[in-house]
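Visitor: I should like to take a close look at the salt bridges of this model. Please describe which side chains take part and how they are placed.

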Amino acid sequence: MKRRSVQTRFGSLVVTEEQDAVTRLEWDDGTASHDVSAVLDEAVVQLLGYDAGTLTAFALPMRIGGSDTLRAVCAEISAIPFGDTLTYGDIARKLGVPAQVVGQACGLNPIPVIVPCHRVMGAKGLTGYSGVGGIETKVALLRHEGAAGILI
């Protein structure tokens with residue numbers, strides 16, 4: 001397992017790579033090392049591009065552990081375009097699972113920001129966010145993407 005931190009407007013993020021694929025993204029707790037790998041190099045470049053507003057879609061090798069449902073939800077989340085949002089219900093209907101299952105999967109997303117669970121909303125609007133800073137971080141990510149109109 002290799003880890004690298006990168007400073008963004010959303011905080012210091014730590015990307016984890018295992019066997020040539022990104023497996024986690026977390027907010028830095030001060031314990032991240034600065035390991036070297038081609039995958040981590042590219043992840044940092046893409047995260048900085050996203051932060052600068054020049055990258056709207058991540059193209060990184062990723063491996064999501066967990067249940068088939070978690071992987072399916074993360075795949076649907078990854079397909080939401082930059083600046084757009086879907087509801088838990090939208091994803092639930094597509095996958096044939098309850099909206100609560102989609103919400104739980106969003107909370108378990110191991111690669112937030114890159115797998116943009118901040119783009120998933122409740123039926124009545126803004127909902128929580130499991131990343132550091134909670135709902136404020138979700139709002140900041142949505143504003144960064146120009147999706148702030150949904151917040152009014």
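Guide: The model is a predicted one. At 13% relative accessibility, Arg-4 is buried, because this value is under the 20% cut-off. Its salt-bridge partner is Asp-41, and the closest N and O atoms of the two are 2.8 Å apart. The pair joins distant parts of the chain: Arg-4 lies in strand S1 (residues 2–8) and Asp-41 in helix H1 (residues 38–52), with their positions 37 residues apart. Asp-41 has a relative accessible area of 37% and is therefore partly exposed.

A further salt bridge brings together helices H2 and H3. Here the side chain of Glu-76 meets that of Lys-94, at 3.3 Å from N to O. Glu-76 belongs to helix H2 (residues 68–78) and Lys-94 to helix H3 (residues 88–95); the two residues are 18 apart and again link distant parts of the chain. Lys-94 has a relative accessible area of 61%, so this residue counts as exposed.

Arg-24 also takes part in a salt bridge, with Glu-26 as its partner and an N to O distance of 3.6 Å. Both residues are partly exposed: Glu-26 has a relative accessibility of 28%, and Arg-24 one of 37%. This pair belongs to a network of salt bridges that also includes Arg-3.

In general, side chains of opposite charge can pair when their charged atoms come close. In this model the count of salt bridges comes to 8, among them the Arg-4 and Asp-41 pair and the Glu-76 and Lys-94 pair.

Methods:
Residues numbered from 1 in each chain as written. Predicted model: local features only at pLDDT ≥ 70, side-chain atom pairs only at ≥ 80, totals over all residues. Heavy atoms only, no water. Salt bridge = Lys/Arg side-chain N within 4 Å of Asp/Glu carboxyl O. Helix = DSSP H or I, 4+ residues; strand = E, 2+ residues; numbered from the N terminus. Buried < 20%, exposed > 50% of the residue type's maximum accessible area, 1.4 Å probe, protein only.
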